[in-house]
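Let's take a walk through a protein model together. Have the sequence and the 3D view open, and we'll go one piece at a time.

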Amino acid sequence: MAPTARPTVAQPLSPHLQIYRWTWTMAMSVFHRITGTALYGGTALVAIWLVALASGPAAYGYVAWFFGSILGRLVLFAYTWILLHHMLGGLRHFLWDFGLGLDRERRMWLSRGTLIGSVALTVTIWALALILR
Amino acid sequence: MADNRQNTNVSIRTPRARVQGLGPSGHGAGHWWLQRLTAAANAPLMVAFVVIIALMAGRSYPEAVALMSHPLVALILILAVISVTLHMRLGMQVIIEDYVHDKGLRIAALFANNFYAVIVAVACLYAILRVGLSRLA
């Protein structure tokens, strides 16, 4: 069959992110993907750290120096928050998978709780690490 | 709409038999299930991982090697690497399938996703085993 010319009338598009009013559930859904993608890249840092440890004192020295620097600590701090946020988001999805907390009030509070909980846990863990040092 | 279904009168093969084995039949929920299974495993493993990283901070090289050589630490890290790399590979696959529409690019991205996950997993496991077993030699 010969290819037909594309119709010139504008085809209706399905609505996407920019159409909707932002809600907590939507924002946390987007955050879950973004934090997941960041963690995906972050595993390379874990691999570099472990391979450096296996390579000897010189290689480990460079990696330990980086993670001990201001930039390195910032990366680790962000990494902690991203990991905890994705973890709490995952637990929220588990609740929803079991059909729990899906009504309007609860789903909004579960979503807010993901952000509040991840920030609180991150600050607590770093405060504890600095105090116990 | 034109009826373009195959004429089943000329063959004894039923419509179901013709599609059997095509597409995701038989393992449709496998991806979803493994994503949840590894998520459940990741939760406690990542809590342990954060503790191990916190214990590692500020250690000299011999001290770091000594901690990594502890069987419990090495075992937790091995389990974490396996569960995390499986989980991240599945997650990135969904993202690629959602956003990369060009067929060639999508196949390339799915290949790269698998290579990345396997490289990270093997590099981590090699390093953990090398450090963990080095003291026995």
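Which residue does UniProt list for "binding site"? The answer is His86(A), and the record comes from an unreviewed entry. Keep in mind that we are looking at a predicted model.

## Around His86(A)

Let's start with where His86(A) sits. It is part of helix H3 of chain A, which covers residues 70-97. Is His86(A) buried or exposed? His86(A) is buried, because 24 other C-beta atoms lie within 10 Å and 20 or more is enough to count as buried.

Now for the company it keeps. If you skip the neighbours within four places in sequence, His86(A) is in contact with His32(A), Thr35(A), Gly36(A) and Leu39(A). Those four also turn up among the residues of H1(A) that meet H3(A), so let's look at that pair of helices next.

## Two helices in chain A

Packed helices come with two handy descriptors: the angle between their axes and the distance between the axes. For helix H1 of chain A (residues 24-55) and H3(A), the angle is about 130 degrees and the axes are 9 Å apart. That angle makes H1(A) oblique to H3(A). As for handedness, H1(A) passes H3(A) in a left-handed crossing.

On the H1(A) side, the residues taking part include Met28(A), Phe31(A) and Gly42(A), while H3(A) brings Tyr79(A), Ile82(A) and Gly89(A), among others. Sort the residues of this contact by class and you get seven nonpolar, seven polar and no charged.

## What the record says about the membrane

UniProt's unreviewed entry also carries the annotation "transmembrane region" for residues 38-56, 62-84 and 114-132 of chain A. How does the model look there? Residues 62-84 of chain A are 96% helix and 0% strand, with the end C-alpha atoms 27 Å apart. For residues 114-132 of chain A, the figures are 100% helix and 0% strand, and the end C-alpha atoms are 27 Å apart.

## A helix pair in chain B

Over in chain B, H2(B) and H4(B) pack at an angle of about 140 degrees, and their axes are 8 Å apart. That makes H2(B) oblique to H4(B), and H2(B) passes H4(B) in a left-handed crossing.

Plenty of residues are involved: Leu34(B), Leu45(B) and Phe49(B) are among those on H2(B), and Ile76(B), Val84(B) and His87(B) are among those on H4(B). By class, this contact has 16 nonpolar, seven polar and no charged residues.

## Where the chains meet

How many residues does each chain put into the contact? Chain B gives 23 residues and chain A gives 23 residues. On the chain B side, helices H2 (30-56), H3 (61-68), H4 (71-99) and H5 (103-134) each supply at least two. H5(B) gives the most to that side, with seven residues. By class, the chain B side has 19 nonpolar, two polar and two charged residues.

For a close-up, find Val50(B), which lies in helix H2 of chain B. Leaving aside its neighbours within four places in sequence, Val50(B) is in contact with Thr80(A) and Ile125(A). Val50(B) counts as partly exposed because 18 other C-beta atoms lie within 10 Å. Back within its own chain, Val50(B) and Leu75(B) are 25 residues apart along the chain, and their C-alpha atoms are separated by 15 Å.

Conventions: Residues numbered from 1 in each chain as written. Chains lettered and ligands numbered in written order. Predicted model: local features only at pLDDT ≥ 70, side-chain atom pairs only at ≥ 80, totals over all residues. Contact = placed C-beta atoms within 7 Å. Nonpolar A, V, L, I, M, F, W, Y, C, P; charged D, E, K, R; others polar. Buried ≥ 20, exposed ≤ 12 C-beta atoms within 10 Å, placed from the backbone. UniProt positions renumbered as here; feature names shortened; annotations may be inferred. Axes fitted to C-alpha atoms, helices over the stretch in contact; angles between N-to-C directions. Parallel < 35°, antiparallel > 145°, perpendicular 65-115°, else oblique. Left-handed = near helix turned anticlockwise from the far one by under 90°.
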